[in-house]
Amino acid sequence: MQFEIIAKCHTTRARVSRMKLAHGVTMLPTFMPVATQAAIKGLTPQQVEALGITLILNNTYHLNLRPGIDVLDQAGGAHQFQGWRRNLLTDSGGFQLVSLSKFTTITEEGALFQSPFTGEPTMLTPEESISIQHSIGADIIMQLDDVVSSLTIGPRVAEAMERSVRWLDRCIAHHEKSGKKTTQNLFAIVQGGLDPTLRDQCLDAMIQRQDGVAGYAIGGLSGGEEKDKLPEERPRYSMGIDLLVCVALGVDMADCVFPTRTARFGVALTHTGPINLKLSKYGNDMSPIDSSCPCPTCTDGTSRAFLHHIVTHETAAAHAVTLHNLVFQAQVMGRARDTIVAGTFPDYLRSFFASYFGEAGYPEWCVNALRSVGVDLLEGISNVKLIPGSGAKWEYATS
C-alpha cells in the first residue's frame, strides 16, 4: 500500500488522500458499496466500475459459506470470481458474531458458528479468518474481532475489547507468515462499545502494534474521541457509519448497505433529501429523479412516473435506482474531496445539510459531532429543528 495525504481541512480533521493498492488507486475519502455475496445487487461489475467506483466490500463470512474457499481458490480469488478489476476490501466475519448471534458461541479459540444454510458447525478462528481472506484475495483485509451489540454494557464489553487485541496479535502473526503482506493489507479494528475509556485502551494497544497493520478500522458505534489519536500516516475506515460527519472527524473510508438496500424499496437519494418513488404523487411526474445527476438513469431521462409504475414490482426499477443512488453517494464524497482541497469544506457541510434536511430538521447527533470539530451547522440561521436519534428524513405520506 502507498498512502499519501494530499490536503487537509483547516477547521475539521477532514483530509484528502491517495491510496494505491494492488488493483489501482482509490482517492480518499470514499464510500464503499457493499457487495456482500461478491455482487452489488442489480448491477454487473462492469456497470459499477463505469460509475467511477474503485473500492467495494465483500463479506468474508458469507463467501466462506457460499461458494466456499475451494471454489474461490479455483477461480483465483474473488476478483476473478466476480469479474471485479478494481480494489476490494473484506471484513473478517466479526460482525456476524452480533447479527447472527443465535448461531454463535464465542471462546478464546474463536467463534463457533452454526451455518444458517446447513446447520453445520464452523469454527472461525483469527487464523482461519485471515486464511479465508487470503483466498478471497482482497486488497484490504480485517482482523477478526470480538464484536458485541452497541447496547451491551458491563464486563462483556471489556472482555470483547481485550480479546480483540489478543486476536489481532494472532492475525498479525498468521498474516506475516503467509508472505502476502505486500499485496494484502491488514487493518486493526478498534472496539470497546460506547465506553470511551475502553476504546482508548483498545486504540493504545493497537497503536503499539502499528508495525503489523496497514490501517485502522473503527468498529461499533463510536463518537469522535479516538480518531484524533489514530496514526496520521495510516488510512482510517469507519464501519457502516454516516459519511460526511465521519469525513469531518478524520475518516477516509466508510461503507453502508443503505443506498443499495433503499433503492430496492423504491427510495432514491437526492441532494434535497430522499424520494419515495412508491408514493402516488410521483405517478404523473415525468421529470427524472434529479435533472442535474450524471447517472445513467437520470441522463437517459427515466421518469419518476415510470419508476413509480415498476418500483418493487420489476427488477429494472431496483437496477435503475441503485445506479442513481451509488452515483449520489460518489458525488457526495467527490464534492467533499474537492472542497477539502479548495479550503471550503465547512461551507460544503453547511450547504449540504441545509439542502438535504431543510425544514425537516437536522439530526442532533450530527450537529453535536460537527461542533466538536469546529463547524456549527446552526450558525447564522434560526428556527432549525433538532431531531433526536438518527434524524432520518423520509417521505412517509401515502400520496
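**Cavities, a pocket and some cysteines**

Modeller: The lining of the largest cavity divides into five nonpolar, three polar and no charged residues. This model is predicted: local features need pLDDT of at least 70, side-chain atom pairs count only at pLDDT 80 or more, and totals for chains, interfaces and linings use all residues. Residues are numbered from 1 along each chain as its sequence is written, and side-chain values use heavy atoms, leaving out hydrogens and water.

Colleague: What makes a residue count as nonpolar, charged or polar?

Modeller: Ala, Val, Leu, Ile, Met, Phe, Trp, Tyr, Cys and Pro count as nonpolar; Asp, Glu, Lys and Arg as charged; the others, Gly among them, as polar. The largest cavity is lined by Thr60, Tyr61, Asn64, Leu65, Phe113, Thr122, Leu124 and Ile132. By that list Tyr61 is nonpolar and Thr60 is polar.

Colleague: What makes a space a cavity, and what makes it a pocket?

Modeller: On a 1 Å grid over the protein atoms alone, a cavity is a set of points where a 1.4 Å probe fits but cannot get out; a pocket is an open set with protein on both sides within 12 Å along at least five of seven lines; lining residues have an atom within 4 Å of a point. Two cavities of 30 Å³ or more turn up in the whole structure. The largest has a volume of about 50 Å³, counted as the space filled by probe spheres set on points joined across faces, edges and corners.

Colleague: Which element gives the largest share of the lining of the largest cavity?

Modeller: Helix H2 does, with four residues. Helices (H or I, at least four residues) and strands (E, at least two) are DSSP runs, numbered from the N terminus. H2 spans 60–65.

Colleague: How much space lies in the second largest pocket?

Modeller: About 200 Å³. It has 13 lining residues; the closest to its centre are Thr30, Gly52, Ile53, Ala330 and Arg337. Strand S4 (30–32) and helix H13 (315–342) each give two or more residues. H13 gives the most, six.

Colleague: Why is His319 called partly exposed?

Modeller: Buried means under 20% relative accessible area, exposed over 50%, and partly exposed in between (1.4 Å probe, protein chains only). His319 is at 24%, so it is partly exposed. His319 sits in H13. Beyond residues up to four places away in sequence, His319 touches Gly42, Leu43 and Gln47, where contact means heavy atoms within 4.5 Å.

Colleague: How many disulfides does a search of the whole structure find?

Modeller: Zero. Cys256 has its nearest cysteine sulfur, that of Cys246, 10 Å away. A disulfide needs two cysteine sulfur atoms within 2.5 Å, so Cys256 is in none. For Cys366 the closest cysteine sulfur, also in Cys246, is 9.4 Å away, too far for a bond.

Colleague: Is Cys366 buried or exposed?

Modeller: Buried, at 2% relative accessibility. Cys256, in contrast, is partly exposed at 26%.

Colleague: Which residues of helix H15 are buried?

Modeller: Cys366, Val367, Ala369 and Leu370, in a helix of residues 364–371. Down the axis of H15 they fall within an arc of 165 degrees, so they line one face. That arc is taken from the directions from the helix axis to the C-beta atoms. Among the elements covering them are helix H9 (243–248), helix H14 (345–356), strand S17 (362–363) and strand S18 (386–387).
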